[in-house]
Number of protein chains: 2
Amino acid sequence: MTSTSRPEDEHPTDPVGFESHDHASCIAAAIAEAEAHCAREGLRFTPVRRKALEILLREHRALGAYEMLDALREAGFGSQPPVAYRALEFLVGNGFAHKIERLNAFIACAHPGAHHSPAFMICRACDSVAEAQATPARGALGAAARAAGFQIERTVVEAEGLCPTCSDKADT
Amino acid sequence: MTSTSRPEDEHPTDPVGFESHDHASCIAAAIAEAEAHCAREGLRFTPVRRKALEILLREHRALGAYEMLDALREAGFGSQPPVAYRALEFLVGNGFAHKIERLNAFIACAHPGAHHSPAFMICRACDSVAEAQATPARGALGAAARAAGFQIERTVVEAEGLCPTCSDKADT
DNA sequence: ACACGAACTGTTATAATATGACAAGCACCT
DNA sequence: AGGTGCTTGTCATATTATAACAGTTCGTGT
């Protein structure tokens, strides 16, 4: 990358999602971070995996596996479903992307590097998705899990509703 | 039903799920409640819908749509996917059942009648599911939504981990 | 440099999950 | 009886996902 990536990242707890970004720099930064992380961990950030992450970052929305497959094929990679699913599995498994269960779709992680419990806000009108941080173990769910003796390893937290833009349109 | 449904319902916030129940009475109570609710709301609690709810209650676990379809077919109903999906859509839409997004499966509601934001604990070893109450709008997610101007209409909260039983086995 | 094992890629084939569309039936209203 | 809308059953198809295997590449030990 040509400059240190510092778009307007003043608020680290920002939802990061229903606003516009400096895409070019955030893509470059995220790729660089993924590369560094893989180097540290001995993971292989192969061309198809890198391309898949680039595609997710560039689209900046939740992509179905077959949309990813189309994009990868256009980029010269294999054209069968496992190509996409395997790249996505790698990205999700290493925290570079998340699966949105509600949409059966995948999106680049907005807070890469940080160990986190992501939460998503999904607009039912335009399907845009924003990532936020959840603290699921702290609320009622955490209490219920402790009471039941359930050991939480991972959480899926997805809110469905209207994003600001679509909400404004609906008012009209 | 033959008696007022009061198994050991002392703790309304109970996880209700990794313990044994009086199935016969809880099934009868839930069916009666659904029937009453439909009567009040002018909904048609038709044979296939009733049967589908009975099946979910009897199995007391998350069932895939095709498992439901098999069970409905055995009960003499139609044998094509829309039969199951439509019955499930009715049950979910009216709060008698929930979809577990993580499993692409459906489970009877453990707190029927109450307007609630369900949360689920899913055991990754035995696929058992317990329902708890979440208060997603109150935690970090709610704060992020307010900050972003996102209007939450519905939430999916699913925790994956080990249930007490499987956790004990793992220790051995 | 070379052999080895592990991981990765691409492929074929198939499984599992889900929906669109249409005709026939039934419930309710007039 | 006739009309309206919801429900059911069916056929057909779309969408999402995985199993299995052969060939290749990568890193390692020699």
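1. In which sense do strand E3 (residues 118–123) of chain A and E4(A) pair, and over how many bridges? The sense is antiparallel, and the bridges number five. One pairing gives a landmark: A:Phe120 has A:Glu131 in E4(A) as its bridge partner. Keep in mind throughout that this is a predicted model.

2. Now follow E3(A) to E5(A). These two strands pair in the parallel sense, over five bridges. Here A:Ile122 is a useful marker, with A:Glu160 in E5(A) as its bridge partner. E3(A) thus takes part in an antiparallel pairing with E4(A) and a parallel pairing with E5(A). In general, strands of a sheet pair through backbone hydrogen bonds, and either sense can occur.

3. Next comes the step from one chain to the other. E5(A) and E5(B) run antiparallel and are joined by 11 bridges. Look for A:Arg154, which stands opposite B:Glu160 in E5(B).

4. Put the pairings together. The sheet is open and has six strands, in the order E4(A)-E3(A)-E5(A)-E5(B)-E3(B)-E4(B). Its pairing is mixed. Strand E4 (129–133) of chain A and strand E4 (129–133) of chain B stand at the edges. Each has a single partner strand, so one side of each is left without a neighbour in the sheet. On average, neighbouring strands of this sheet are turned by 25 degrees against each other, direction ignored.

5. Helices lie across this sheet. Helix H6 (residues 164–171) of chain A lies across E3 and strand E5 (151–162) of chain A, together with strand E5 (151–162) of chain B. H6 of chain A runs at about 30 degrees to E5(A). Helix H5 (residues 140–148) of chain B lies across E3, E4 and E5 of chain A, together with E5 of chain B. H5 of chain B runs at about 40 degrees to E3(A).

6. How many residues does each chain give to the contact? Chain A gives 36 residues and chain B gives 36 residues. The size of an interface is often given as the accessible area lost when the parts come together. Between chain A and chain B, the buried area is about 3000 Å². Carbon and sulfur atoms give 60% of that area. On the chain A side, A:Leu141, A:Phe150 and A:Glu153 lose the most area to chain B. Together they make up 20% of what that side buries.

7. Turn to DNA strand C. It is surrounded by 18 residues, and the closest are A:Thr46, A:Gln80, A:Arg86, B:Tyr66 and B:Lys99. Of the strand C atoms within 4 Å of the protein, 50% belong to sugar or phosphate and the rest to bases. A side-chain N or O atom of B:Tyr66 is 2.6 Å from a base nitrogen of DNA strand C. Phosphate oxygens also have polar partners: a polar side-chain atom of B:Tyr85 lies 3.1 Å from one, and a backbone N or O atom of A:Ser79 lies 3.2 Å from one. The elements giving two or more residues to the surface near DNA strand C are helix H2 (47–59) and H4 of chain A, together with H4 of chain B. H4(B) gives the most, with four residues. By class, this surface has seven nonpolar, five polar and six charged residues.

8. DNA strand D also has 18 residues around it. The closest are A:Tyr66, A:Lys99, B:Thr46, B:Val48 and B:Arg86. Of the strand D atoms within 4 Å of the protein, 50% belong to sugar or phosphate and the rest to bases. A:Tyr66 has a polar side-chain atom 2.5 Å from a base nitrogen of DNA strand D. The side chain of B:Thr46 has an N or O atom 2.5 Å from a phosphate oxygen. B:Arg49 places a polar side-chain atom 3.1 Å from a phosphate oxygen. Two or more residues each come from helix H4 (81–93) of chain A and from helix H2 (47–59) and helix H4 (81–93) of chain B. H4(A) gives the most, with four residues. The surface near DNA strand D divides into seven nonpolar, five polar and six charged residues.

9. A hairpin in chain A completes the note. Strand E1 (residues 97–100) and strand E2 (residues 105–108) of chain A run antiparallel, joined by four bridges. The bridge partner of A:Ile100 is A:Ala105 in E2(A). Four residues lie between the strands, and A:Asn104 takes a positive phi near 45 degrees.

Note on methods:
Residues are numbered from 1 along each chain as its sequence is written. Chains are lettered from A and ligands numbered from 1 in the order in which they are written. This is a predicted model: local features need pLDDT of at least 70, side-chain atom pairs count only at pLDDT 80 or more; totals for chains, interfaces and linings use all residues. Side-chain values use heavy atoms; hydrogens and water are left out. Two strands pair if DSSP finds at least two bridges between them. Axes are lines fitted to C-alpha atoms, for helices over the stretch in contact, and angles run from 0 to 180 degrees between N-to-C directions. Contact means heavy atoms within 4.5 Å. A residue is near a molecule or strand if one of its heavy atoms lies within 4 Å of it. A polar contact is a pair of N or O atoms within 3.5 Å; within protein, one must be able to donate a hydrogen and the other to accept it, and residues adjacent in sequence count only if both atoms are side-chain atoms. Ala, Val, Leu, Ile, Met, Phe, Trp, Tyr, Cys and Pro count as nonpolar, Asp, Glu, Lys and Arg as charged, and the others, Gly among them, as polar. Buried area is the accessible area (1.4 Å probe) that two parts lose on being put together, summed over both.
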